Amino acid sequence: MSALHLSFFSAFTLSSLGLAFHRTHLISALLCLESMMLSMYVALSMWPIQTQTASATLLPILMLAFSACEAATGLALLVASTRTHGSDHLHNFNLLQC
């Protein structure tokens, strides 16, 4: 495994561990998701360069578009939940209440 692969794998692993263990605020969960998407974007951007193929150059752009949509949806949920519940603590959100 090259140093480039190791760095992308460790960035993705650290952000997924951050998502798993530091779920106190919604903004920290969203930041962990964005760092996972960023590491996947960089890995997909470097993949056609390493394999010398031009067929997979559209994948990073498509993933970046989906990542932007995910970020916009997450921020909209953050604003809406902060307005209704008063904070972004994840333990305040009870999905079983009407």
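**Helices H2 and H3 and the residues around them**

At 54% relative accessibility, phenylalanine 66 counts as exposed, because the cut-off for that label is over 50%. This value, like the rest here, comes from a predicted model. Phenylalanine 66 sits in helix H3, and its side chain is part of a nonpolar patch on the surface, made up of Trp47, Leu59, Leu62 and Phe66. Together these four residues offer about 410 Å² of accessible area. H3 supplies the largest share of the patch, with three residues.

H3 itself runs over residues 59–85. With 27 residues at 1.5 Å each, the helix should span 39 Å, and its end C-alpha atoms turn out to be 38 Å apart, so the two figures agree. Not everything on H3 faces outward, though: Pro60, Met63, Ser67, Gly74, Leu78 and Ser81 are its buried residues. An α-helix has 3.6 residues a turn, so residues three or four places apart point the same way. Part of the cover over the buried residues of H3 comes from helix H2, residues 26–51.

H2 gives a matching picture when its length is checked. Its 26 residues should span 38 Å at 1.5 Å a residue, and the end C-alpha atoms are 38 Å apart, so expectation and model agree here too. The buried residues of H2 are Leu26, Ala29, Leu30, Cys32, Met36, Met37, Ser39 and Pro48. These pack against H3 and against helix H1, which covers residues 3–21. Right after H2 comes glutamine 52, with a positive phi near 55°. A positive phi also turns up just after H3, where glycine 86 takes a value of about 90°.

The loop between H2 and H3 holds leucine 58. Is this leucine buried or exposed? Its relative accessible area is 63%, so leucine 58 counts as exposed. Leucine 58 can also be placed relative to proline 48, one of the buried residues of H2. The two are ten residues apart in sequence, and their C-alpha atoms lie 10.0 Å apart in space.

On to the other loop, the one between H1 and H2, where histidine 25 is found. With a relative accessible area of 27%, histidine 25 is partly exposed, because that label covers values between the 20% and 50% cut-offs. Which residues does histidine 25 touch, leaving aside neighbours within four places in sequence? They are Asp88, His89 and Leu90. With Asp88 the link goes through the side chains, which make a polar contact of 3.0 Å. As for arginine 83, its C-alpha atom is separated from that of histidine 25 by 15 Å, with their positions 58 residues apart along the chain.

Aspartate 88, the partner in that polar contact, belongs to the segment after H3. Its relative accessibility is 17%, so aspartate 88 counts as buried, the cut-off being under 20%. Which residues lie around it, again leaving aside neighbours within four places in sequence? Aspartate 88 is in contact with Thr24, His25, Leu26, Ile27, Leu78, Thr82 and Phe93. Among them, Leu26 is also one of the buried residues of H2, while Leu78 is on the list of buried residues of H3.

How values were computed: Residues numbered from 1 in each chain as written. Predicted model: local features only at pLDDT ≥ 70, side-chain atom pairs only at ≥ 80, totals over all residues. Heavy atoms only, no water. Helix = DSSP H or I, 4+ residues; strand = E, 2+ residues; numbered from the N terminus. Expected span 1.5 Å × (residues − 1). Buried < 20%, exposed > 50% of the residue type's maximum accessible area, 1.4 Å probe, protein only. Contact = heavy atoms within 4.5 Å. Patch = residues over 30% accessible without salt bridge, like charges linked within 9 Å, V, L, I, M, F, W, Y side chains within 5 Å. Areas by Shrake-Rupley, 256 points an atom, 1.4 Å probe, with all protein chains shown as cover. Polar contact = N/O pair within 3.5 Å; in protein donor to acceptor, adjacent residues only side chain to side chain.
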